[in-house]
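Trainee: I've got a new model open and I'd like to know what the labels on it rest on. Can we go through them one by one?

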Amino acid sequence: MALTETVPVPCPCCGEVIDVLVDCSLSDQTYVEDCFVCCQPLVLTVSVDPETGQPTVDAIPENA
């Protein structure tokens, strides 16, 4: 299992796919990161499968 993974996530504001670097050593995370394309703040909710170590990322606009 890698400690970090890059996960492609579609931006809910502009629709572009951005790469998000995820720390897989933490099982559940929520943080704010700006879209690299449109600069809108996004709330990223990350969960890491304990068996496979595979992260999933959901993104919503911070100002929704």
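Mentor: Sure. Start with a cut-off: a residue is called buried when its relative accessible area is under 20%. Keep in mind that this is a predicted model.

Trainee: What share of the 64 residues is buried in the protein?

Mentor: Buried residues come to 30% of the 64.

Trainee: And what makes the protein as compact as a globular protein of its length?

Mentor: Set two values side by side. The radius of gyration is 12 Å, and the globule rule gives 11 Å for 64 residues; those are close, so the protein counts as compact as a globular protein of that length. Its C-alpha atoms fill a box of roughly 35 × 20 × 10 Å along the principal axes.

Trainee: Which secondary structure pattern does the protein follow along the sequence?

Mentor: β-β-β-β-β, with 0 helices and 5 strands.

Trainee: Why is a set of residues called a nonpolar core?

Mentor: Because its members are buried residues of types such as Val and Leu, joined through side-chain atoms within 4.5 Å. The largest one here has 14 residues, and V9, V20, V22, L42, L44 and V57 touch the most other members. At least two residues each come from β1 (4–10), β2 (17–23), β4 (41–48) and β5 (55–61). β4 gives the largest share, 4 residues.

Trainee: What is L44 in contact with, leaving aside neighbours within four places in sequence?

Mentor: V20, Q29, T30, Y31, E33, V57, D58 and A59. Contact here means heavy atoms within 4.5 Å.

Technical notes
Residues numbered from 1 in each chain as written. Predicted model: local features only at pLDDT ≥ 70, side-chain atom pairs only at ≥ 80, totals over all residues. Heavy atoms only, no water. Buried < 20%, exposed > 50% of the residue type's maximum accessible area, 1.4 Å probe, protein only. Rg over C-alpha atoms; globule rule 2.2 N^0.38 Å.
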